[in-house]
Structure formats: structure tokens, C-alpha cells
Amino acid sequence: QVQLVESGGGLVQAGGSLRLSCAASGSIFSINDMGWYRQAPGKQRELVATVTSGGRTNYADSVKGRFTISRDNAKNTVYLQMNSLKPDDTAVYYCNAAVKTRAWRTFDDYWGQGTQVTVSS
């Protein structure tokens, strides 16, 4: 099995910064894309940012220029640096990873348990 454990959420004032981390562990052969998604109350889960194993990144328009995603392949860890936070960024943030547990298997999606980010005005 594969576990994704997030950390770094919390309460911050508008304009502040937070850094989220997500470490993957367990039966891991290789990891393809990793990313962050978020879900605000009453809304659907939405993509925030993704990063490929080669370091190519993709961002939602709403966070471009404010958030930076990165990963450490040696540690199976993905990070999300969030700057200039706004109240609209308030949500539960979920880590996602496409993981292959054996060489002959396909990549399967795994999710973390979520970490709350609250931005006060």
C-alpha cells in the first residue's frame, strides 16, 4: 500500500505565506505526476498545481504567480509554497500522486487525508 501524509496547513492572515508538504511512503516502485488539489466548503475539488517527475509544472490560473510547486524525487515528497494568500484560498488541500507499486503495474492515483488552510481577512 501507499500512504501520502500532508503537513503544513494552518491559519494565516491575508497576504501571508504557508508551505505544504506531502510525503509518499510504502510500496513504491516509481511516481509519475504529483500535485495539489483543494476543496472549499460547498464547492467541488479543484486542481491547484501539478509537477511531473521531470519537473514540469502546471498551475490553476487563480494561483499563478503566488504558489510554487516543487518536488524532491529522492524523498518522494512534493511541496506547495503559497504566498500572498487570499481568503478565497481557504480550503482543504489534498496531495495526489500517480504511483506504480510494481514494475509491471500501471500508475494508480493515491490521495492524502487533506490539510486545512484558512486565510483570514
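This passage describes the disulfide, sheet, nonpolar core and salt bridges of a predicted model.

The model is predicted, and local features were accepted at pLDDT of at least 70, side-chain atom pairs counting only at pLDDT 80 or more, whereas totals for chains, interfaces and linings use all residues. Residues are numbered from 1 along each chain as its sequence is written, and side-chain values use heavy atoms, with hydrogens and water left out.

Strands are DSSP runs of E with at least two residues, and helices are runs of H or I with at least four residues, both numbered from the N terminus. Two strands are taken to pair if DSSP finds at least two bridges between them. By this criterion, an open sheet of 4 strands is found in the order β1-β3-β8-β7, with antiparallel pairing. The edge strands of this sheet are β1 and β7, each of which pairs on one side only, and the twist from one strand to the next averages 15 degrees, where axes are lines fitted to C-alpha atoms (for helices over the stretch in contact) and angles run from 0 to 180 degrees between N-to-C directions. At one edge, β1 and β3 run antiparallel and are joined by 6 bridges, and glutamate 6 has cysteine 22 of β3 as its bridge partner. At the other edge, β7 and β8 also pair in the antiparallel sense, over 6 bridges, with arginine 71 having valine 78 of β8 as its bridge partner.

Accessibility was classed by relative accessible area, with buried meaning under 20%, exposed over 50% and partly exposed in between, for a 1.4 Å probe and protein chains only. The side chains of β1 alternate in these terms, since Val2, Leu4 and Glu6 point to one face and are buried, while Gln3, Val5 and Ser7 point to the other face and are not buried.

The structure holds 1 disulfide, defined as a pair of cysteine sulfur atoms within 2.5 Å. The disulfide is formed by cysteine 22 and cysteine 95, whose sulfur atoms lie 2.1 Å apart. This pair links distant parts of the chain, with cysteine 22 in strand β3 (residues 18-26) and cysteine 95 in strand β9 (residues 91-100), 73 residues apart. The link is left-handed, with -80 degrees about the S-S bond, and both cysteine 22 and cysteine 95 are buried.

A nonpolar core is here a set of buried Ala, Val, Leu, Ile, Met, Phe, Trp, Tyr and Cys residues joined through side-chain atoms within 4.5 Å. In soluble globular proteins, nonpolar side chains tend to be buried together. The largest such core has 31 residues, and those with the most contacts inside it are Trp36, Leu80, Met82 and Tyr93. Two or more residues are given to this core by each of β1 (2-7), β3, β4 (30-39), β5 (46-51), β7 (67-72), β8 (77-82), β9 and β11 (115-120), and β9 gives the most, with 5 residues. With contact defined as heavy atoms within 4.5 Å, and with neighbours within four places in sequence left aside, leucine 80 is in contact with residues including Leu20, Trp36, Val48, Phe67, Ile69 and Tyr93. Threonine 101, placed in the loop between β9 and β10 (108-111), is buried with a relative accessible area of 12%. Under the contact rule that leaves aside neighbours within four places in sequence, threonine 101 is in contact with Val2, Ser27, Phe29 and Tyr110.

A search of the whole structure finds 5 salt bridges, each being a side-chain nitrogen of Lys or Arg within 4 Å of a carboxyl oxygen of Asp or Glu. Arginine 38 meets glutamate 46 in a salt bridge with an N to O distance of 2.7 Å, and arginine 38 also meets aspartate 89 at 3.0 Å, N to O. The latter pair links distant parts of the chain, with arginine 38 in strand β4 and aspartate 89 in the loop between β8 and β9, 51 residues apart. Arginine 38 counts as buried at 7% relative accessibility, as does aspartate 89 with a relative accessible area of 2%, whereas glutamate 46 counts as partly exposed at 36%. A further salt bridge is formed by the side chains of aspartate 108 and arginine 105, at 4.0 Å, N to O. Aspartate 108 is partly exposed at 27% relative accessibility, and arginine 105 is partly exposed with a relative accessible area of 41%. Salt bridges that share partners join Arg38, Glu46, Arg66 and Asp89 into one network.
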